[in-house]
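Biologist: I am new to this structure. Please take me through it, and tell me how each label is earned.

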Amino acid sequence: MTAAAAPDPTSALEPIEVLDPPVSPDVLRELRLTWTPQPEPDSAGRAARHRLAEATRRLIEAVKSVDPKDAASTLESVADDVSDLADRIAVLARVGDGTPTSRDLALHERGPLIGAANPLAPPMRITGDGPLVRAHATFGAAYEGPYGRVHGGYVAAAFDEVMGCAQSGSGTLGMTGWLTVRMRRATPLYTRIDYEAGVTRIEGRKAWVTARSYADGVLVADAEALFIRVARA
């Protein structure tokens with residue numbers, strides 16, 4: 001006798017029931033501008049910084065993954081080269097030395113998950129889809145916790161980023177009050193992870209957001225969060 005396969009708990013998922021935004025599509029789009037869309041570089045210098053960030057991501061991946069056995073000489077030489085490169089950049093002006101522009105401050109430029117100029121970002125890509133927000137990212141070796149799997153802290157951070165954008169569906173933006181993540185399965189490395197999130201409840205300055213993440217169409221985690229708009233003095 002062949003045992004019946006266990007039912008897949010993700011196969012009967014109901015869509016996230018999100019609220020219709022209480023603002024116009026134009027206002028909703030403006031609320032999301034710090035996250036999406038990712039604009040083209042507005043200067044040769046910014047384009048070069050984006051290129052440098054991507055090259056640094058490759059370096060981080062290589063350093064994290066290299067087998068140090070029998071590689072001491074090469075690694076010492078590379079360490080010297082990287083140190084020299086860091087010294088060359090360190091003498092340049094910093095964004096904070098002057099008055100940052102809105103482009104400098106946008107999360108799609110500097111954010112730890114989506115920033116084109118941040119080498120720590122995978123980077124994640126976020127798009128608005130009416131009341132929903134969708135995103136995707138592929139996490140490499142730098143984000144590893146258990147072998148071959150994304151560290152739970154990065155799983156939570158990714159949700160916070162996506163849900164932070166999704167709170168725009170409440171018609172305003174606030175700060176994270178709390179965030180609860182349920183790990184349904186391990187989130188794999190080197191696999192595209194897709195996200196969806198939306199506002200499910202609004203009360204005054206508070207907005208509740210629900211989100212899910214999938215790997216190859218299979219639910220790997222879901223989350224709930226409360227965002228609170230800061231009260232004006």
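Modeller: What follows is a set of short questions and answers about this predicted model.

Biologist: What makes up the chain?

Modeller: The chain has 6 helices and 6 strands. From the N terminus, the order is α-α-α-α-α-β-β-α-β-β-β-β. The C-alpha atoms fill a box of roughly 65 × 55 × 30 Å along the principal axes. The chain has 233 residues, and 33% of them count as buried. The accessible surface is about 13,900 Å², with 56% belonging to carbon and sulfur atoms.

Biologist: How are the charges of the chain placed on average?

Modeller: There are 26 positive and 30 negative charges. Their mean positions are 4 Å apart.

Biologist: Which residues gather in a patch of negative charge on the surface?

Modeller: Glu 76, Asp 80, Asp 81, Asp 84 and Asp 87 do. Glu 76 is in helix α3, residues 72-90.

Biologist: Why is Glu 76 called exposed?

Modeller: Exposed means over 50% relative accessible area. Glu 76 has 54%, so the label exposed applies.

Biologist: Now the salt bridges. Why does the pair Arg 46 and Asp 42 count as a salt bridge?

Modeller: The cut-off is 4 Å between a side-chain nitrogen of Lys or Arg and a carboxyl oxygen of Asp or Glu. The closest N and O atoms of Arg 46 and Asp 42 are 2.7 Å apart, so the pair counts. The structure holds 16 salt bridges.

Biologist: Are these two partners buried or exposed, or in between?

Modeller: Arg 46 has a relative accessible area of 10%. Buried means under 20%, so Arg 46 is buried. Asp 42 has 48%. That value lies between 20% and 50%, so Asp 42 is partly exposed.

Biologist: Which residues are linked with Asp 42 and Arg 46 in a network of salt bridges?

Modeller: The network also holds Arg 49, Arg 103, Asp 104 and Glu 109.

Biologist: What makes Arg 134 and Glu 196 a salt bridge?

Modeller: Their closest N and O atoms are 3.3 Å apart. The limit is 4 Å, so the pair qualifies. Arg 134 lies in strand β2 (residues 132-138) and Glu 196 in strand β4 (residues 192-203), so the salt bridge ties together parts that are 62 residues apart in sequence.

Biologist: How do you know that Glu 196 is buried?

Modeller: Glu 196 has a relative accessible area of 13%. The limit for buried is under 20%, so Glu 196 is buried. Arg 134, at 33%, is partly exposed.

Biologist: With which other residue does Glu 196 meet in a salt bridge?

Modeller: With Arg 212, at 3.8 Å from N to O. That is within 4 Å, so this pair counts too. Arg 212 is in strand β5, residues 206-215, and lies 16 residues from Glu 196 in sequence. Both Arg 212 and Glu 196 are buried.

Biologist: Why is Ala 53 called buried?

Modeller: Ala 53 has 3% relative accessibility. Buried is under 20%, so Ala 53 is buried. Ala 53 sits in helix α2, residues 44-65.

Biologist: Which residues does Ala 53 touch, leaving out those up to four places away in sequence?

Modeller: Ala 116, Ala 117, Asn 118 and Pro 119. The C-alpha atoms of Ala 53 and Pro 119 are 4.6 Å apart, although 66 residues separate the two along the chain.

Biologist: Where are the cis peptide bonds before Pro 37 and Pro 123?

Modeller: One joins Thr 36 and Pro 37, with omega about 0°. Pro 37 is in the loop between α1 and α2. Another runs from Pro 122 to Pro 123, with omega near 0°. Pro 123 is in the loop between α5 and β1.

Biologist: What is the phi of Asp 70, and what is the phi of Asp 216?

Modeller: Asp 70 has a positive phi of about 60°, though it is not a glycine. Asp 216 has a positive phi of about 55° and is not a glycine either. Asp 70 is in the loop between α2 and α3. Asp 216 is in the loop between β5 and β6.

Biologist: Why are Asp 70 and Asp 216 called exposed?

Modeller: Asp 70 has 76% relative accessibility. Asp 216 has 69%. Exposed means over 50%, so the label fits Asp 70 and Asp 216.

How values were computed
Residues numbered from 1 in each chain as written. Predicted model: local features only at pLDDT ≥ 70, side-chain atom pairs only at ≥ 80, totals over all residues. Heavy atoms only, no water. Helix = DSSP H or I, 4+ residues; strand = E, 2+ residues; numbered from the N terminus. Buried < 20%, exposed > 50% of the residue type's maximum accessible area, 1.4 Å probe, protein only. Areas by Shrake-Rupley, 256 points an atom, 1.4 Å probe, with all protein chains shown as cover. Lys, Arg positive; Asp, Glu negative; His and termini not counted. Charge placed at Lys NZ, Arg CZ, Asp CG, Glu CD. Patch = residues over 30% accessible without salt bridge, like charges linked within 9 Å, V, L, I, M, F, W, Y side chains within 5 Å. Contact = heavy atoms within 4.5 Å.
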